[in-house]
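Dear colleague,

I am passing on a structure for you to look through, and below it I have set out what was found. Please keep in mind that this is a predicted model.

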Amino acid sequence: MGNNRYPLIRKNKYIIKHYKKDCIGFRRELKFYLKFTGKLNFIPKLYGYSISQKKIIIENVGKLASLEFIKENIDIINKYEYILEIFGYYHNDIRRKNITFHNERFYLIDFEMSDTKFTDKYKGKGDKKNFIY
């Protein structure tokens with residue numbers, strides 16, 4: 001996606017993602033949160049947004065999960081990916097950098113690459129072990 005965002009503003013309860021321009025990543029992420037906030041318990045809640053300012057305000061769902069912890073709980077991540085597919089969506093960037101652990105739960109974050117099409121060029125469809133690179 002390139003560098004289409006300013007650095008994240010992290011607060012205790014929320015994160016502000018501010019995009020430099022109206023890029024497809026901003027539109028995809030906002031669309032995803034609008035569609036699934038309150039429906040999926042493994043994504044951050046959407047607290048607010050501004051289309052004119054290209055900002056998304058989401059729940060802060062903690063720090064990145066360790067690689068070892070993810071490997072030990074791979075079935076949970078696979079389940080989340082499967083649930084997205086049932087809803088007709090693909091994250092398209094399931095990597096360690098996009099998996100957090102907070103309040104006894106894993107979360108998927110960063111939906112700039114999400115789409116109704118599978119476009120993850122680094123992972124063959126159905127290859128659930130490649131996401132951690």
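I begin with backbone angles. Just after α1, Gly38 takes a positive phi of about 90°. Most residues other than glycine have a negative phi. Two residues that are not glycine nevertheless have positive values: Glu104, with a phi of about 65°, and Asp110, whose phi is near 65°. Glu104 sits in the loop between β6 (99-102) and β7 (105-108) and is exposed, its relative accessible area being 73%, whereas Asp110 belongs to the segment after β7 and, with a relative accessibility of 16%, falls under the 20% limit and therefore counts as buried.

Helix α1 itself covers residues 24-36, and its 13 residues should span 18 Å at 1.5 Å a residue, which agrees with the 18 Å between its end C-alpha atoms. Its buried residues are Gly25, Phe26, Glu29, Leu30, Phe32, Tyr33 and Phe36; viewed down the helix axis they fall within an arc of 160°, so they line one face of α1. Among the elements that cover these buried residues are β2, β3 (46-50), β4 and α3 (74-86).

Asp110 also appears in the largest pocket, where it is one of the residues that lie nearest the centre, together with Arg5, Lys97, Asn98 and Ile109. This pocket has a volume of about 670 Å³ and a lining of 31 residues, to which β2 (14-18), β4 (55-59) and β5 (63-64) each give two or more. By type, the lining divides into ten nonpolar, nine polar and twelve charged residues.

Best regards

Terms used
Residues numbered from 1 in each chain as written. Predicted model: local features only at pLDDT ≥ 70, side-chain atom pairs only at ≥ 80, totals over all residues. Heavy atoms only, no water. 1 Å grid on protein atoms, 1.4 Å probe; cavity = no way out; pocket = protein on both sides within 12 Å on 5 of 7 lines; lining within 4 Å. Points joined across faces, edges and corners; volume = space filled by probe spheres on them. Helix = DSSP H or I, 4+ residues; strand = E, 2+ residues; numbered from the N terminus. Nonpolar A, V, L, I, M, F, W, Y, C, P; charged D, E, K, R; others polar. Expected span 1.5 Å × (residues − 1). Buried < 20%, exposed > 50% of the residue type's maximum accessible area, 1.4 Å probe, protein only. Arc of directions from axis to C-beta. Contact = heavy atoms within 4.5 Å.
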